[in-house]
2 protein chains.
Amino acid sequence: MADATDTTDPSPHPKSRGAARRALRRGPTIDDVAEVAGVSRGTVSRVLNGAHYVSPGALKAVEQAMRTTGYTVNQSARSLVTKQSNAIAFVLSEPQERLFEDPNFSVLLRCCTQALGEQDFSLVLMLESSADERDRVLRYVRGGHVDGVLLISAHAGDPFIGDLARGVLPAVACGRPAGPGIPYVAAEDRQGAREMTQYLVDQGRRRIGMIACSPVVGGPERLAGYRDVLGRKALKRLVVDAADYSHAAGVAAMRELLAASPDIDAVFAASDLLAAGAIDELRRSGRRVPDDVAVGGFDDSRIARETDPPLTTIRQPLEQVAREMVDVLLRLVRREPASSRLLPTELVVRASA
Amino acid sequence: MADATDTTDPSPHPKSRGAARRALRRGPTIDDVAEVAGVSRGTVSRVLNGAHYVSPGALKAVEQAMRTTGYTVNQSARSLVTKQSNAIAFVLSEPQERLFEDPNFSVLLRCCTQALGEQDFSLVLMLESSADERDRVLRYVRGGHVDGVLLISAHAGDPFIGDLARGVLPAVACGRPAGPGIPYVAAEDRQGAREMTQYLVDQGRRRIGMIACSPVVGGPERLAGYRDVLGRKALKRLVVDAADYSHAAGVAAMRELLAASPDIDAVFAASDLLAAGAIDELRRSGRRVPDDVAVGGFDDSRIARETDPPLTTIRQPLEQVAREMVDVLLRLVRREPASSRLLPTELVVRASA
DNA sequence: GCAGGTTACGTGACCGCTCACAGCACCGCC
DNA sequence: GGCGGTGCTGTGAGCGGTCACGTAACCTGC
């Protein structure tokens, strides 16, 4: 009003940080808020970070100004100075088919996203199946784009396990120690497997086979639990090692088991998906479940309720695993002490055994 | 060597930007690379962004220096000035159970992550089921943390559809127009549904029911395709509307259909998961598939191969949908023109029909 | 021999935030 | 009255990049 040229004047006030060009940039900045609230940028920053040493009056003014300007912090600017990104990487080092196949991953992913969100962290999903992708993930993670890493079923040979173990970045693995020095959150696989095996024994089953899956995290423990209960009765030919936790692998394993021991009367599969495959194959062979052969699964994933008959299985508290993983990781990010956690499982009896 | 104090000297050269304190910070900076390569920061920056106007000698020196220092760009610093984040949000606005239930989402997610990775973009997964989450997503997306949004099965009422349509941020929806002005990538649902229905007719089926699912993206189109072929023969009692694409909904719908029309001899389910539920219910009712009742699905997802009998279905090119979504979105991000795309489907004949 | 263009390179001035520091008012206390 | 807190606020100096400019070297062509 006072000066006709004041809004169009290119930059007559190099000292006032961008005062006159607000609104043509992407969103209002901290300076805009400060100006509206009639305080300095420092005070606004203080409000943003906990509001210590801010007078009630200033606090109110700033909060009001934030609302009227529609201010949102620029995370890039903040990260640049704090060296924190408020993001974590969810790294899937399995061959991709796993995410695709296993409903457990979806649960994990969903719960982690949610738990992180509640703490205002975001989840960056990264695949690591090809060599190219591995490089990209490595660069990304090392580049400080994330504050921590959630490792999903990483194998011991994973290239940056070494990095992470060396403390380059906080990390927590799912399911089992990914490497020395990397904390993990897992279900008590071995104890759960014992429970299921014991249950089958208690049901009067005599020839109890197992479809194990040693290449996958948790697999060896589940097999160990089975052997704990059966001891020397765990005949070699009653144990088949599946390639992965897939329906197809379950079908193949069951066929093998039937060929080796036609008199089998129970089967414990190391995952529900394997169990579902086993049930299909048993039906195809003319056997009734559970009358002729009882089938026990592991996970209590969605499909346990969809098989025919519904699956007796060991419930793995995956939602809790996810939450605990996030909890451990964020503690580490904040440099608080945190260590591995083991979560209890639970037998869920349905119709298959 | 020349001066005993030179490495520990606090900061005697305020003019040379951080020259002496490299290595105690998180990773080397562009200045470190410049120093090692014997060039200026500007030249290194040019190498980073396409290497125009850089001499072969300098280029080599810089590349070498990057390797020896182990340099990785600081995306925050870069984003701060370019206002680009090289990240996109994958927003799931369904109630969470969907991700959990539907194998299609996994495929979409996996392929999007991969396609984005190839362009050096990262994928931030965001859930939007509770009101809190919706706010968070809104703030996040508006805050310039991402360059674009991949909308997964958004309903028309979604709160930031409005924002996105107004061009606040590039966005592309999956499956169908999420709102006016938002481009989408979808399969030709209607045409696919026509094909399946026609196939069932050609097989000599007379009473062809449909398990539709109108609340879900693509659902209405599939029902329309069914009606296109059957015309007035599409009796009201032969059509059931399921609540969602779940196994349980398939079971329930099939039961309803059987009650209304016991003489039904074929069923077209709007998704494989629904079809799987239908098969289970048909078996339970004592009917044989396909002898008594033929079952057709839609999607050609993983489960189509796992049902008993394997499912005849309409293949939806989901991997391609994902790739095209990313392609369209990145074009929009680069301010290139791009528009909606429709992808062809394909009939896959297996044993169920 | 010099105008003119092209290529190569260095130099500030930012981007929007945080953080340390300095300043100031106000208090109580010897 | 001087002195040390304590509470609140403003300010300058970065964080690590990019980008517009200025400049210098070199080639060309008249």
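Which residue in S9(B) does B:Phe268 stand opposite? Select both strands in chain B and the partner appears as B:Gly296; strands here, like helices, are DSSP runs numbered from the N terminus, with helices (H or I) of at least four residues and strands (E) of at least two.

Before going further, note that this is a predicted model, in which local features need pLDDT of at least 70 and side-chain atom pairs count only at pLDDT 80 or more, while totals for chains, interfaces and linings use all residues. Residues are numbered from 1 along each chain as its sequence is written, and chains are lettered from A and ligands numbered from 1 in the order in which they are written.

**Stop 1: the sheet in chain B**

Stay with strand S8 (residues 266-269) of chain B, which pairs with S9(B) in the parallel sense over 3 bridges; two strands are taken to pair if DSSP finds at least two bridges between them. Widen the selection to the open sheet, whose 4 strands follow the order S7-S6-S8-S9 in chain B with parallel pairing. Its edges are strand S7 (239-241) and strand S9 (294-296) of chain B, each of which pairs on one side only, and from one strand to the next the twist averages 15°.

Now add the helices that pack on this sheet, bearing in mind that two residues are in contact if their C-beta atoms, placed from the backbone, lie within 7 Å, and that axes are lines fitted to C-alpha atoms, for helices over the stretch in contact, with angles running from 0 to 180 degrees between N-to-C directions. Helix H11 (residues 247-260) of chain B touches strand S6 (208-212), S7 and S8 of chain B, and its direction makes about 145° with that of S6(B). Helix H12 (residues 272-284) of chain B touches S6, S8 and S9 of chain B, and the direction of H12 makes about 150° with that of S8(B).

Follow chain B onward from H12 into the loop that leads to S9, where B:Pro290 is placed; a cis peptide bond joins B:Val289 and B:Pro290, with omega about 5°. In chain A, the peptide bond from A:Val289 to A:Pro290 is cis as well, with omega near 5°. While in chain A, select A:Asp299 in the loop between S9 and strand S10 (313-315), where this residue has a positive phi of about 125° although it is not a glycine.

**Stop 2: where the two protein chains meet**

Show chains A and B together: 39 residues of chain B are in contact with 40 residues of chain A. On the chain B side, the elements that give two or more residues are helix H4 (75-82), helix H5 (97-101), helix H6 (103-118), strand S2 (122-127) and helix H7 (131-142), and the largest share, 6 residues, comes from H6(B). Coloured by class, this side has 11 nonpolar, 16 polar and 12 charged residues, where Ala, Val, Leu, Ile, Met, Phe, Trp, Tyr, Cys and Pro count as nonpolar, Asp, Glu, Lys and Arg as charged, and the others, Gly among them, as polar.

Strand S2 (residues 122-127) of chain A is joined to S2(B) by 3 bridges, and the two strands run antiparallel; A:Val124 has B:Val124 as its bridge partner.

Superposing chain B on chain A takes a rotation of 180° with 0.1 Å of shift along its axis, at an RMSD of 0.1 Å; the fit is by least squares on the C-alpha atoms of residues with pLDDT of at least 70 in both copies. That is the relation of a two-fold axis. Because 100% of the interface residues of chain B are also interface residues in chain A, the copies meet through the same surface.

**Stop 3: the DNA strands**

Select DNA strand C and the 30 residues around it, of which A:Thr29, A:Ile30, A:Ser45, B:Ser40 and B:Gly42 come nearest; a residue counts as near if its C-beta atom, placed from the backbone, lies within 6 Å of the strand. The largest share of this surface, 5 residues, comes from H4(A).

Then move to DNA strand D, where 30 residues again lie around the strand and A:Ser40, A:Gly42, A:Ala58, B:Ile30 and B:Ser45 come nearest. Here H4(B) gives the most, with 5 residues, and the surface has 13 nonpolar, 12 polar and 5 charged residues.
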